[in-house]
Amino acid sequence: MATIISHSAEETFRAGRDEAARVRAGEVLALVGDLGAGKTQWVKGLAAGLGSDATVTSPTFTLIHEYPGGRLPLYHVDCYRLERPEELLGIGLDDYLDGRGVLVIEWADKFPELLPPAARWFRFRIGEGDEREIA
């Protein structure tokens with residue numbers, strides 16, 4: 001497992017942007033980490049790396065954001081406020097597993113049973129100060 005140590009929000013953004021060069025249509029990226037660990041900042045970089053000029057924000061209250069306009073569409077889901085797997089299915093998870101874009105799920109560890117076996121997991125940890133560990 002590769003680990004990146006980020007020392008700033010800009011470095012976390014760059015790590016996401018760098019990951020964009022590796023993602024392919026149909027991939028599911030499962031993000032895990034506490035509030036403030038850098039998940040959404042990383043997704044901002046991922047979207048930019050895919051070529052989207054959309055303003056990326058956390059979908060905590062809307063649950064899903066779609067970012068078209070890049071090399072691949074990016075679907076950004078946040079499970080923080082969801083309590084049951086049925087809620088995630090009810091907002092159309094299956095529709096985003098169609099293989100056309102990249103699906104990123106924050107708080108994916110809440111419902112791992114709903115994710116495909118090939119999902120790639122990223123763990124975000126808060127270090128000292130602005131340091132973040134991405135594994």
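**Figure 1. Glu 19, a buried residue of the predicted model, and its salt bridge to Arg 120**. In this predicted model, Glu 19 has a relative accessibility of 6% and therefore counts as buried, since the cut-off for that class is under 20%. The side chain of Glu 19 forms a salt bridge with Arg 120, and the closest N and O atoms of the pair are 2.7 Å apart. Glu 19 belongs to helix H1, which covers residues 9-20, whereas Arg 120 belongs to strand S6, which covers residues 120-126; the pair therefore ties together parts that are 101 residues apart in sequence. Arg 120 has a relative accessibility of 28% and counts as partly exposed.

**Figure 2. Glu 27 and Arg 120, a second salt bridge of this arginine**. The side chains of Glu 27 and Arg 120 meet at 2.9 Å, taken from N to O. Glu 27 is placed in the loop between H1 and strand S2 (28-33), and Arg 120 in strand S6. The two residues are 93 residues apart, and their pair links distant parts of the chain. With a relative accessibility of 14%, Glu 27 counts as buried.

**Figure 3. The salt-bridge network around Arg 120**. Which residues are linked with Arg 120 in a network of salt bridges? They are Glu 19, Arg 22 and Glu 27. A search of the whole structure finds six salt bridges, among them the pair of Glu 19 with Arg 120 and the pair of Glu 27 with Arg 120.

**Figure 4. The salt bridge between Arg 84 and Glu 86**. The closest N and O atoms of Arg 84 and Glu 86 are 3.6 Å apart. Arg 84 counts as partly exposed, at 47% relative accessibility.

**Figure 5. Trp 107, a residue with positive phi**. Trp 107 is found in the loop between strand S5 (102-106) and S6. Is Trp 107 buried or exposed? Its relative accessible area is 14%, so Trp 107 is buried. The phi angle of Trp 107 is near 65°, a positive value in a residue other than glycine. Most residues other than glycine have a negative phi.

**Figure 6. Asp 98 and Ala 25, two residues from separate stretches of the chain**. Asp 98 is located in the loop between helix H4 (93-96) and S5. At 34% relative accessibility, Asp 98 counts as partly exposed. Asp 98 and Ala 25 are 73 residues apart along the chain, and 9.1 Å separates their C-alpha atoms.

**Figure 7. The whole protein, as the setting for the close-up views**. The secondary structure consists of four helices and seven strands, which follow the pattern β-α-β-α-β-β-α-α-β-β-β along the sequence. The C-alpha trace spans about 40 × 30 × 30 Å along its principal axes. The radius of gyration is 14 Å, which agrees with the value near 14 Å for a compact globule with 135 residues. Of the 135 residues, 45% are buried. Among contacts with a separation of 6 or more, 66% are accounted for by residues 24 or more positions apart. The accessible surface comes to about 7,000 Å², and 50% of this area belongs to carbon and sulfur atoms. The protein has 15 positive and 22 negative charges, and the mean positions of these two groups are 3 Å apart.

How values were computed:
Residues are numbered from 1 along each chain as its sequence is written. This is a predicted model: local features need pLDDT of at least 70, side-chain atom pairs count only at pLDDT 80 or more; totals for chains, interfaces and linings use all residues. Side-chain values use heavy atoms; hydrogens and water are left out. A salt bridge is a side-chain nitrogen of Lys or Arg within 4 Å of a carboxyl oxygen of Asp or Glu. Buried means under 20% relative accessible area, exposed over 50%, partly exposed in between (1.4 Å probe, protein chains only). The radius of gyration is taken over C-alpha atoms; the globule rule is 2.2 Å times the number of residues to the power 0.38. Contact means heavy atoms within 4.5 Å. Accessible areas come from the Shrake-Rupley method with a 1.4 Å probe; for residues, only the protein chains shown count as cover. Lys and Arg count as positive and Asp and Glu as negative; His and the chain ends are not counted. The place of a charge is taken as NZ of Lys, CZ of Arg, CG of Asp or CD of Glu.
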